[in-house]
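Trainee: I have a new model open and I'd like to learn how to read it feature by feature. Can you walk me through it?

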Amino acid sequence: MNKKRRILNIVNFIRGYDSEPQPKGETYRTVLEQIKLIDKYNFKATFLIQYDALTFPEYQKLMPSLDSSRYETGVWFEIHKPLAEDCGIKWRGEREWDGRVQYGFPMGYSREERAAMVNRLFEKFRDVMGFYPRVFGSWFFDSFTVRYITEKYGLDALCNCKEQYGTDGYTLWGGYYGQAYYPSKTNVFIPAQSKEEQLNVPLFRMLGSDQVYQYDCGMNEDGSARASQSVITLEPVYKKAGGGLPQWVDWYLKENYNGECLSFCYAQAGQENSFGWSAMKDGLNYQFKEFARLEKENKIEIETLGESGKWFKNTFASTPASAITAHSAFDDPNKDSAWYCSKNYRVNLYGAGGRFRIRDLHIFDDSIEDPFENNICRENYAVYETLPVADGFLFSGNHIISGIYFADKDTGSELLYDKMEFEDCGKGRCKVSFADSAGGAVIFSLNENGITVSRNKDFIMENRIGRVSEYLPAVFSVSDNELALCYKGKNYCVKLSAGKFLSEKKIVSEHGVIGIKFLLKR
């Protein structure tokens, strides 16, 4: 087995109430069926339970009875009427649980109210389980809440939602794309860049996103982004593309656990009980059979979220660079995707039908204040984001698929490719090559501080923008070796160690090399 760990967490979370109630007893039956399936294969698993479910007698009896050598129980934090009212907070939602941001998540409440609800949740958990929880999850949480929990109670691991635009009424965009990182104390959506700013509990991104299609699913034919994205993840309730489709599951497990990860391969499987057993049983049964096969072949390690968190803390002093690659899409062998993330930036290199581009490039600045640090969200929608340079989803439009494209300097012809290759160069560095049939290649050398692009002949990189929108950074200035940008009050720049800016959108190589670093102007 490759020395790099291939980790799978099975994380199911338990709601008492939901916006779409199941038949009486169905949500509890779903948990029992999940446990039965986990026991069938003798897997380890994590259950994250909401406050409302902790008040139900059936869960008060069930959860402490689970075998603690295989089962871990932590908390899932969504706000609902029982939790708010038990803390003396007026409930403003329309139902017992109202998933809109201003009602169902901590950003919709004052810091004092957030702290009160955390304390109530953790004390209730201890009353039921006999100890305080060590793992904490929510689709969407703020930095104050996480700092408060880690300082008062301590945690082994956090988990939150995947990258998504507009789905479920909130956006997490431009962040660490998968696996795990140490968050910034100032803004937990962003990796810490210094020891002083680092919150020493790893945050795992949930759901096992399709590394080819999830990023820009919902793109219209003219290139423009839809108001919200659909979901293509390991969740078993998604049957057209995702965890309920065996063909997709086979593809995802093969590509996600291919070892091209730099630090470790990771995925989270599981589903919340509120979907009901009938919606997830076929997908979970198929997935678990495959998990058992891969575990037997020593191709994955199944452990609890808390075990993964403790291993991460014992292994990495700061956020390690990571990679996620796919050398095909589940329905198309002629697509390639390589995600590289470090504590300083993320980039996606993407190829389809012989064309390739930098599809996404975002810079991390851990001084960006959490938008709800001292503010209360009074809207149904909220956004966490980072600093954009290229964005193939949000910058596309007017029949232009945005991204950074490559052309030969002399002929102006777009560079094409036949296959993508990945090489782990050690110490958080890698090379991703887009090779053509003539024996040439464009080679991306990636490290945690920047990118070097090389070719045997000079070339031009062009950042194509399809539409002007609020998500575009402002250009302050451009010189031969520096492009100065500003996005929502934050200044940053793209600095060249090799190559030359021809304009704010074009760079020409120098002796076949373009060297790029990213600087923050604080």
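Mentor: Sure. Start with what a contact is: two residues touch if they have heavy atoms within 4.5 Å of each other. And keep in mind that this is a predicted model.

Trainee: Okay, let's try that on Arg226. Which residues does Arg226 touch, leaving out those up to four places away in sequence?

Mentor: Tyr165, Gly218, Asn220 and Phe393. Arg226 sits in the loop between β8 (203-205) and α8 (246-256). There is a long-range neighbour to look at too: Arg226 and Leu394 are 168 residues apart in sequence, yet their C-alpha atoms are 9.1 Å apart in space.

Trainee: Is Arg226 buried, exposed or partly exposed?

Mentor: Buried means under 20% relative accessible area and exposed means over 50%. Arg226 comes out at 38%, so it counts as partly exposed.

Trainee: Two of those contacts, Tyr165 and Phe393, are aromatic. How do I read a pair of rings?

Mentor: A pair of aromatic rings is described by the distance of the centres and the angle of the planes. In this model there are 52 aromatic pairs. For Tyr165 and Phe393 the ring centres are 5.7 Å apart and the planes stand at 70 degrees, so you'd call the pair edge-to-face; the cut-off for that is over 60 degrees.

Trainee: Where in the chain are Tyr165 and Phe393?

Mentor: Tyr165 is in the loop between β5 (157-160) and β6 (170-173), while Phe393 is in the loop between β16 (387-391) and β17 (403-408). That's 228 residues apart, so the pair links distant parts of the chain. Tyr165 and Phe393 are both buried.

Trainee: What would a tilted pair look like?

Mentor: Take Tyr176 and Tyr181: 5.4 Å from centre to centre, with 35 degrees between the planes. Both of these tyrosines are buried as well.

Trainee: Which rings join up into a cluster?

Mentor: Ring pairs connect Tyr165, Trp173, Tyr177, Tyr215, Trp339, Phe393 and Tyr471. Two of the cluster's members, Tyr177 and Trp339, turn up again among the contacts of Ile324.

Trainee: What else does Ile324 touch?

Mentor: Its contacts beyond four places in sequence also include Gly178, Gln179, Gln211, Asn256, Glu260, Ser337 and Ala338. Ile324 belongs to strand β11 (residues 322-326) and is buried, at 14% relative accessible area. Its C-alpha is 9.4 Å from that of Asn348, 24 residues away along the chain.

Trainee: And charges over rings? Which ones should I look at?

Mentor: Here you check how far the charged end is from the ring centre, and whether it lies close to the ring normal. The charged end of Arg5 is over the ring of Trp311, 4.8 Å from the centre. For Arg359 over Tyr350, the distance is 3.9 Å.

Trainee: Let's do helices. How does the span of α6 compare with what's expected?

Mentor: The expected span is 1.5 Å times one less than the number of residues. Helix α6 (residues 111-129) has 19 residues, so it should span 27 Å, and its end C-alpha atoms are indeed 27 Å apart. Among its buried residues are Phe122, Phe125, Val128 and Met129. Just after α6, Gly130 has a positive phi of about 90 degrees.

Trainee: At what angle do α3 and α6 pack?

Mentor: Helix α3 (residues 57-65) meets α6 at about 70 degrees, with the axes 9 Å apart. The two helices are therefore roughly perpendicular. Gln60, Met63 and Pro64 of α3 make the contact with Lys124, Val128 and Met129 of α6.

Trainee: You mentioned a positive phi in a glycine. Which residues other than glycine have one?

Mentor: His399 is one, at about 65 degrees, and His511 is another, near 55 degrees. His399 is in the loop between β16 and β17 and exposed at 67%. His511 is in the loop between β27 (506-508) and β28 (513-521) and is exposed too, at 73%.

Trainee: One last case: is Asp370 buried or exposed?

Mentor: Buried, at 2% relative accessibility. Asp370 lies in the loop between β14 (355-363) and β15 (382-385), and touches Asp142, Ser143, Thr186, Asn187 and Tyr384, not counting residues up to four places away in sequence.

Conventions
Residues are numbered from 1 along each chain as its sequence is written. This is a predicted model: local features need pLDDT of at least 70, side-chain atom pairs count only at pLDDT 80 or more; totals for chains, interfaces and linings use all residues. Side-chain values use heavy atoms; hydrogens and water are left out. Rings of Phe, Tyr and Trp (its six-membered ring) pair if their centres lie within 6.5 Å; planes under 30 degrees apart count as stacked, over 60 as edge-to-face and the rest as tilted. Helices (H or I, at least four residues) and strands (E, at least two) are DSSP runs, numbered from the N terminus. Buried means under 20% relative accessible area, exposed over 50%, partly exposed in between (1.4 Å probe, protein chains only). A charge sits over a ring if NZ of Lys or CZ of Arg is within 6 Å of the ring centre and within 35 degrees of the ring normal. Axes are lines fitted to C-alpha atoms, for helices over the stretch in contact, and angles run from 0 to 180 degrees between N-to-C directions. Angles under 35 degrees count as roughly parallel, over 145 as roughly antiparallel, 65 to 115 as roughly perpendicular and the rest as oblique.
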